[in-house]
Amino acid sequence: KQKPLLSLGVGFLATFIIPFTLFLLFATIIGAPLAMLIAAMLFAFTPVCVAASAYFVGMQGRQMIKKPADDAPPPAMGARLIWSAIAIVLFLLLGMIPIAGGLIWLLILMFGMGAILVQGGLALARDSH
C-alpha cells in the first residue's frame, strides 16, 4: 500500500524477465528441471497474485467509500473478504472488455506479483537478522 509503483515495477520485471529466463533455462539440458520448477511456481503464484491485487483494490475502495477515522480498528475478516470479492467482480467485468480486458488482467497480475515479491523479500530480510 505504501509503494504501489514499486510493486508494479517489480511485477513488470518479474512478468517479463521470468518467462525469458525460463526459455533460456529450457535451452540447456541441465537447466530444464530448474525451469520446470520455476514455471510450476509461477503458475501456482498466479491466483495468489490476483488475490493480492483484489485485496488491495478492495481495501482502497472501502477506504474511498468509508472514510475511516485515524483511530478506527482495522476491518474485520468478513469485511475484508466482501471488499476483496467486490474487487474480483470488478476485475471480471473489466476483463470482459475486448483487448483492454487482457491488458487489465496483465496489470492486475503484474501488480499482485510485484506486491508478493516485495513483501516476500521484506519478510525474508526480517527473518535473516
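**Exercises on a four-helix chain**

Leu8 belongs to helix 1, where helices (H or I, at least four residues) and strands (E, at least two) are DSSP runs numbered from the N terminus. The model is predicted, with local features needing pLDDT of at least 70 and side-chain atom pairs counting only at pLDDT 80 or more, while totals for chains, interfaces and linings use all residues. Residues are numbered from 1 along each chain as its sequence is written, and side-chain values use heavy atoms, with hydrogens and water left out.

**Exercise 1. The chain as a whole**

Task: State how many helices and strands the protein chain has, and describe its extent and surface.

Solution:
- Step 1. The protein chain contains four helices and zero strands. Read from the N terminus, its elements follow the order α-α-α-α.
- Step 2. The C-alpha trace spans about 55 × 50 × 25 Å along its principal axes.
- Step 3. The protein chain has 129 residues, and 26% of them count as buried. Buried means under 20% relative accessible area, exposed over 50%, and partly exposed in between (1.4 Å probe, protein chains only).
- Step 4. The accessible surface of the protein chain is about 8900 Å², and carbon and sulfur atoms hold 79% of that surface. Such areas come from the Shrake-Rupley method with a 1.4 Å probe; for residues, only the protein chains shown count as cover.
- Step 5. Among contacts (heavy atoms within 4.5 Å) with a separation of 6 or more, 69% join residues 24 or more positions apart.

**Exercise 2. Helix 1 and its contacts**

Task: Determine whether Leu8 and Ser7 are buried, partly exposed or exposed, and list what each touches.

Solution:
- Step 1. Leu8 has a relative accessible area of 28%, and therefore counts as partly exposed.
- Step 2. Beyond residues up to four places away in sequence, Leu8 touches Leu107, Met110 and Phe111. Leu8 and Phe111 are 103 residues apart in sequence, yet their C-alpha atoms are 4.5 Å apart in space.
- Step 3. Ser7 also lies in helix 1. Its relative accessible area is 10%, so Ser7 is buried.
- Step 4. With residues up to four places away again left out, Ser7 touches Met110, Phe111, Gly114 and Ala115.

**Exercise 3. A pocket**

Task: Identify which residues line the second largest pocket, and which elements contribute to the lining.

Solution:
- Step 1. On a 1 Å grid over the protein atoms alone, a pocket is an open set of points with protein on both sides within 12 Å along at least five of seven lines, whereas a cavity is a set where a 1.4 Å probe fits but cannot get out; lining residues have an atom within 4 Å of a point.
- Step 2. The lining consists of Pro4, Leu8, Ser53, Phe56, Val57, Phe91, Leu107, Ile108 and Phe111. Helix 1 (4-26), helix 2 and helix 4 are the elements that each give two or more residues to this lining.
- Step 3. The second largest pocket holds about 170 Å³ of space, a volume being the space filled by probe spheres set on grid points joined across faces, edges and corners.

**Exercise 4. Helix 2 meets helix 3**

Task: Explain why Arg62 and Trp83 count as buried, and state which residues each contacts.

Solution:
- Step 1. Arg62 lies in helix 2, and Trp83 is part of helix 3.
- Step 2. Arg62 counts as buried because its relative accessible area is 17%. The value for Trp83 is 16%, so Trp83 is buried as well.
- Step 3. Leaving aside neighbours within four places in sequence, Arg62 contacts Pro75 and Trp83. By the corresponding count, Trp83 touches Gly58, Met59, Gly61, Arg62 and Ile65.
- Step 4. Trp83 and Ala54 are 29 residues apart along the chain, with their C-alpha atoms separated by 8.3 Å.

**Exercise 5. Exposed positions and an unusual phi**

Task: Decide whether Ile82 and Ile99 are buried or exposed, and state what phi Ile99 has.

Solution:
- Step 1. Ile82 is found in helix 3 (residues 77-95). At a relative accessible area of 52%, Ile82 is exposed.
- Step 2. Ile99 is located in the loop between helix 3 and helix 4 (100-128). Its relative accessible area is 77%, so Ile99 is exposed.
- Step 3. Ile99 is not a glycine, yet its phi is positive, at about 65°. Most residues other than glycine have a negative phi.
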